[in-house]
Protein chains: 2
Amino acid sequence: MRRFATIKDIASALNISVSTVSRALRDTYDVNASTRQAVLQKATELNYRPNFNAIGLVHNRTHNLGILLPEITNYYFSTLFTGIQEVAYKAGYNLTLFVTGNDAEREVDIVRNLSLSGLDGLLVSVSSQADSDQHFQEVIDNGVPVVFFDRVSENIHTSKVMQDDYNGAFEATVHLIKNGYGKIAHIAGPEGLTFTQARLNGYLDALRKHKLPVKPSWIVHSGFTQQHGEQDLEQLWERREKPDAIFAVNDRKAIGAILALKRKNIRIGKDVGVIGFTNDPVAAIVSPSLSTVAEPAFEIGKLSCELLLKHIHKKRFEPEQVTLPGKLIVRESSSRL
Amino acid sequence: MRRFATIKDIASALNISVSTVSRALRDTYDVNASTRQAVLQKATELNYRPNFNAIGLVHNRTHNLGILLPEITNYYFSTLFTGIQEVAYKAGYNLTLFVTGNDAEREVDIVRNLSLSGLDGLLVSVSSQADSDQHFQEVIDNGVPVVFFDRVSENIHTSKVMQDDYNGAFEATVHLIKNGYGKIAHIAGPEGLTFTQARLNGYLDALRKHKLPVKPSWIVHSGFTQQHGEQDLEQLWERREKPDAIFAVNDRKAIGAILALKRKNIRIGKDVGVIGFTNDPVAAIVSPSLSTVAEPAFEIGKLSCELLLKHIHKKRFEPEQVTLPGKLIVRESSSRL
DNA sequence: CTGTTTTTCGGTAACGTTCTCGGTGATTTT
DNA sequence: AAAATCACCGAGAACGTTACCGAAAAACAG
């Protein structure tokens, strides 16, 4: 049954004290080179592995970071994770991943029952603008640093890293306008989420700046999936006046819209322009290919993790807010040839 | 600084012993209902959270499971993870995720440095048929149960759960044959991986059974990405005799092939049939839509985790090998209308 | 009432590690 | 040669929790 060689085993095998072994195993100071050598050799011989529970107990740190995500089956969040893991791995931290499935209740449940003593810090993208962010505040109050990314919580004072949703949406909308589309609809995400609101605002301001009509009936809110995108488009097409372009809150919904338009035999690009947000690899694969605003998912992941590590290592580290720019990528779906 | 309420704080606040508090916090036995009540109340009042390091130290278990994946930015592995997490969450286990990026060296590095004492078990999909599986055997020898899934290691005696790659490939190939394609090529994965070999064998046996030519020049091996698929197809089209159908080892490569064929103005389905493997959501989105063999990723994840938990809980549990069937999904890319 | 069982609780060791504090000798300084 | 310094090592407490054992108090049996 589960039995590792411990520091004590090494000590008794070598007839020295555990303290000496402990020192030998870490820094070289205060221990003779030869005994140190003997300890190291015995350690590999016995296949010694440090017990992280014990170390965590005395140091009150575990080299474990928690990540809380709404979902993982998705290009954006999975590359984001890859970015996080990139810096965590180099820094010697392990990552414990929690996925809420966009369920706010589950989020609270997870955070409340979090084995906080097993985590040195927490990276989170909130599942929905929960009525209360109290559960995150509790974590912070317990002395565990939290960094928000992408879907951030506004009420909590801590580091956050986001992409520039407002400007991305603004540029996307302007791009449609410059390509001759004048009746631009917006297929949005659920109301209440910060970044959904930011993209909506970018869209609205672009319209206003170019003196284009803002029609509330051309703005429809729902979830983030492709199916939602299809439904939203059907809804738009029931309107008396139909739009001639669509700015979708993300690529999955944009693709849903494209599929629905194709079913109606509407020529995408020519009759109706479409642009998304994210730059999911599918955007390049789908036909016609989808214009979009590329999000720096990988960089956001890296940056968030670096920030969290700073919080952990410095005693007092002032929260930072970073906003990374997106990048307009023009493809067929928004080009009137 | 990081300071939680401990069991001792509760004890001294209530003027009782720590052992009593400890008992009250867990089972009801051996403790008076009223004191139990008082303890529970004080615990929430002080916002008590159990210290998992301490518990792990005395019990030698941590309620932490490790997952080792080649990648996560990918439909298959991310839904697989979701399946794992589904059962882990209900069982009260946390998941520590390690992604190797298909780097065999990194895999060894991760496994060797694994804080094994922090994990109750390990779920792994190997990154490549490493020259040696020694590092996994070491983990098992240390008493940490390991369950393989999807990409399994043949030399290690432990539980494994896979999909039926052979029969899936066989059916896919037969499907192409029945639809009138006679010159079927195979865009395979890297040589040496078990499941790559299984799909190749299914393909070969289907050809043989239907007395179709097996041409080595119609079988090309490379990586798993869409780019690889495009390159493989280009390579096939340099052959003297070109195939009229393609069975790809996965959907991403199949889509690469489709894109390359489209660039050549070859009508997919009519001129050349294409079928993939996985049932990535893109398969339904791409145009023409891609026929494929659906893999039960979510179920594989669930089953693997259940098996691992069995290994952890029973003292001696005989390794099980489970093979789940795939499901042929016919779409446009393989239909000669 | 006495003796026995049950209920409820406390003391203490243990888990594996680090850390602080001394304590040897040996070596150097004055 | 005494004093100070140095290199190296050990004892023991501490981290937060559980487990084992026994004791006091209460309940019960005769």
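**Exercise 1. Identify the bridge partner of Ala185(B) in E8(B), and describe the sheet around this pair.**

Solution. In this predicted model, Ala185(B) is bridged to Ile246(B) of E8(B). Strand E6 (residues 184-188) and strand E8 (residues 245-248) of chain B run parallel and are joined by four bridges.

Next, place the two strands in their sheet. The sheet in chain B is open, has four strands in the order E7-E6-E8-E9, and pairs them in parallel. At its edges are strand E7 (219-221) and strand E9 (273-275) of chain B, each of which pairs on one side only. Ignoring direction, neighbouring strands are turned by 15 degrees against each other on average.

Then add the helices. Helix H8 (residues 165-178) of chain B lies across E6, E8 and E9 of chain B, at about 165 degrees to E8(B). Helix H10 (residues 226-236) of chain B also packs on the sheet, where it touches E6, E7 and E8 of chain B. The direction of H10 makes about 145 degrees with that of E6(B).

**Exercise 2. Describe the sheet with the order E7-E6-E8-E9 in chain A, and find the bridge partner of Ala245(A) in E9(A).**

Solution. Begin with the strand order: the open sheet of chain A has four strands, E7-E6-E8-E9, with parallel pairing. Strand E7 (219-221) and strand E9 (273-275) of chain A form the edges, each pairing on one side only. From one strand to the next, the twist averages 15 degrees.

Now take the pair in question. Three bridges join strand E8 (residues 245-248) of chain A to E9(A), and the two run parallel. The partner of Ala245(A) in E9(A) is Gly273(A).

Finally, consider the packing. Helix H9 (residues 194-209) of chain A touches strand E6 (184-188), E7 and E8 of chain A, with its direction at about 175 degrees to that of E6(A). Helix H11 (residues 251-263) of chain A packs on the sheet through E6, E8 and E9 of chain A, and its direction makes about 155 degrees with that of E9(A).

**Exercise 3. Determine which residues and elements of the protein lie near DNA strand D.**

Solution. First, list the residues: 26 surround DNA strand D, and the closest are Thr20(A), Asn32(A), Ile7(B), Ser22(B) and Tyr48(B). Of the atoms of DNA strand D that come within 4 Å of the protein, 69% belong to sugar and phosphate. By class, this surface has 10 nonpolar, 10 polar and six charged residues.

Second, look at the phosphate oxygens. One lies 2.6 Å from a side-chain N or O atom of Ser22(B). For Tyr48(B), the corresponding distance from a phosphate oxygen is 2.6 Å, and for Arg26(B) it is 2.9 Å.

Third, assign elements. Those giving two or more residues to the surface include helix H2 (18-25) and helix H4 (52-59) of chain A, and helix H1 (7-14) of chain B. Helix H2 (18-25) and helix H4 (52-59) of chain B also belong to this group. H4(B) gives the most, with four residues.

**Exercise 4. Is Thr73(A) buried, partly exposed or exposed, and which residues does Thr73(A) contact?**

Solution. Thr73(A) sits in the loop between strand E1 (64-69) and helix H5 (75-90) of chain A. Thr73(A) is partly exposed because its relative accessible area is 28%, which falls between the limits of 20% and 50%.

For the contacts, set aside neighbours within four places in sequence: Thr73(A) then touches Tyr75(B), Ser78(B), Thr79(B) and Thr82(B). With Thr82(B), the side chain of Thr73(A) makes a polar contact of 3.3 Å. Within chain A, the C-alpha atom of Thr73(A) is 9.6 Å from that of Gly101(A), 28 residues apart along the chain.

Methods. Residues are numbered from 1 along each chain as its sequence is written. Chains are lettered from A and ligands numbered from 1 in the order in which they are written. This is a predicted model: local features need pLDDT of at least 70, side-chain atom pairs count only at pLDDT 80 or more; totals for chains, interfaces and linings use all residues. Side-chain values use heavy atoms; hydrogens and water are left out. A residue is near a molecule or strand if one of its heavy atoms lies within 4 Å of it. A polar contact is a pair of N or O atoms within 3.5 Å; within protein, one must be able to donate a hydrogen and the other to accept it, and residues adjacent in sequence count only if both atoms are side-chain atoms. Ala, Val, Leu, Ile, Met, Phe, Trp, Tyr, Cys and Pro count as nonpolar, Asp, Glu, Lys and Arg as charged, and the others, Gly among them, as polar. Two strands pair if DSSP finds at least two bridges between them. Axes are lines fitted to C-alpha atoms, for helices over the stretch in contact, and angles run from 0 to 180 degrees between N-to-C directions. Contact means heavy atoms within 4.5 Å. Buried means under 20% relative accessible area, exposed over 50%, partly exposed in between (1.4 Å probe, protein chains only).
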